[in-house]
Every structure is written in structure tokens, then in C-alpha cells.
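Q: Could you take me through one part of this model up close? I'd like to see how the pieces around it fit together, in plain words please.

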Amino acid sequence: MKTKTVKRLAAVVLTLLMALSTLVPAFAVEAKAASASYQNVTTEYIALNALRREPFVSYLNADNFTRTFYNTTVFDQLPVLNYNADLEKTAKVRAKEIVKKFSHTRPNGTRCFTAYPNMRALGENIACGQSSVTEVMLAFAEVDKPYSGQGHRRNMLNPNFNAVGCACYKVGNYCYWVQCFGRV
């Protein structure tokens with residue numbers, strides 16, 4: 001009998017925590033909807049390319065042991081991510097959308113890439129809650145994460161990408177961040 005009670009209590013607590021975690025951003029949106037605006041992300045472009053220029057920059061492979069390295073010789077240099085106005089427009093659209101639904105699925109139920117211009121390779125990083133470019137870049141860098149947690153990092157270091165657009169949409173004191181990657 002005692003085990004059933006503990007399990008029920010744990011289920012109720014977990015359900016409440018999950019419900020609260022989805023309400024916090026929504027509450028912030030409702031409470032501060034009148035003070036929403038895009039933020040300057042110029043330094044984010046600089047930070048992305050600085051990461052891509054680091055010597056021996058890497059991410060973990062699926063075995064969580066070996067790494068994929070770049071910038072070790074003149075032959076494996078990552079290309080610069082060039083600013084792309086179309087990707088920035090997409091990032092702005094997606095930043096507003098993740099306020100409503102924090103997901104790579106758009107509020108209308110389609111995949112995030114349906115918002116993108118026609119390109120040969122696509123990637124998206126989203127985040128919320130970080131208050132500065134420095135904070136969001138540290139979160140996206142995922143240095144101490146296992147392979148499964150380095151999706152943002154793999155996007156930022158993907159050699160197939162050569163274009164990027166970034167956006168930050170601030171609602172009250174809460175920021176929603178999007179990096180849209182592509183190949184032009």
C-alpha cells in the first residue's frame with residue numbers, strides 16, 4: 001500500500017512540474033505582451049564565426065568517446081557563416097513563433113523548415129530564457145554535454161552551412177533566440 005501511495009504522489013508531482021514548466025514562458029508572454037521587441041544580435045554573428053575559427057574545435061560523435069575535429073590543418077577549415085537576410089527574416093518569424101510554441105514544430109503543426117527559404121541544407125537552434133548573446137552562445141555551445149545533447153553545437157559547426165540568420169525576440173524580460181542555418 002505504501003509503495004502505491006509513493007508512486008501516485010510522484011506521478012502527481014511530476015505532472016505538476018511538467019505543467020508548470022510549460023506555463024512559465026506562457027505566463028511571461030501574457031504578462032508582458034505589450035513590451036515585446038526584437039533585440040540587436042550583431043554580436044551573435046561574430047560569436048558564431050569566432051567559434052567556427054577556433055583551432056581544433058570539435059563535437060562528440062555518437063559513441064560519446066571520439067570527436068569530430070575541424071580547423072586542424074589548412075584542409076579542414078570550417079567556412080565562414082555569412083549573414084543572410086532571408087535567414088534572418090526566417091529567424092524573426094520563428095522567434096515570434098516559439099513564444100507561442102517552443103518547438104521545432106511551428107504553431108500550425110508543420111516542421112520549422114517550412115518557414116525557410118529554398119536552400120540546400122538547413123538547421124535550426126532555438127533557446128529561451130538567456131538574457132544576452134554571451135549566455136545563449138554558452139548554452140548553444142554545449143561543451144560538457146554528451147552527443148545527444150550537442151545538437152546545437154553540431155549545427156554551429158556543420159561544414160555544410162555557409163549562411164546564417166539570427167534573431168532574439170524579447171517579451172517583457174524573457175528572450176527567445178533563434179539561429180537559422182543554410183547553404184546558399
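A: Start at Glu-142, which comes just after helix α4 and takes a positive phi of about 50°. Keep in mind that this is a predicted model. From Glu-142, step back into the helix itself.

Helix α4 covers residues 133-141, and among its residues Val-133, Val-136, Met-137, Phe-140 and Ala-141 are buried. If you look down the axis of α4, these buried residues fall within an arc of 140°, so they line one face of the helix. Here's the general idea behind that: an α-helix has 3.6 residues a turn, so residues three or four places apart point the same way. Now turn to the other side of α4, where you'll find Thr-134 and Leu-138, both exposed.

What does the buried side of α4 pack against? Its buried residues pack against α2 (42-53), β5, α5 (151-156) and β7 (174-182).

Let's follow one of those partners, strand β5, because it holds Glu-124 and leads us to another helix, α3. Glu-124 is buried, with a relative accessible area of 5%. Its salt-bridge partner is Arg-94, and the closest N and O atoms of the two are 2.8 Å apart. Arg-94 sits in helix α3 while Glu-124 sits in strand β5 (residues 122-128), so this pair ties together parts that are 30 residues apart in sequence.

Arg-94 has a second tie, this time to Glu-97, with the closest N and O atoms 2.7 Å apart. This one stays inside a single helix: both residues lie in α3 (residues 85-100), three residues apart, or about one turn of the helix. How accessible is Arg-94? Its relative accessibility is 0%, so it counts as buried. Glu-97 is buried as well, with a relative accessible area of 12%.

Glu-97 also reaches out to Arg-106, and their side chains meet in a salt bridge at 2.6 Å, N to O. Arg-106 has a relative accessible area of 14%, which makes it buried too, given that the cut-off is under 20%.

Put these together and you get a network of salt bridges linking Arg-94, Glu-97, Arg-106 and Glu-124. A search of the whole structure finds three salt bridges.

So here's the picture to keep: α4 has a buried side that packs against β5, among other elements, and β5 holds Glu-124, which pairs with Arg-94 in α3.

Technical notes:
Residues numbered from 1 in each chain as written. Predicted model: local features only at pLDDT ≥ 70, side-chain atom pairs only at ≥ 80, totals over all residues. Heavy atoms only, no water. Salt bridge = Lys/Arg side-chain N within 4 Å of Asp/Glu carboxyl O. Helix = DSSP H or I, 4+ residues; strand = E, 2+ residues; numbered from the N terminus. Buried < 20%, exposed > 50% of the residue type's maximum accessible area, 1.4 Å probe, protein only. Arc of directions from axis to C-beta. Contact = heavy atoms within 4.5 Å.
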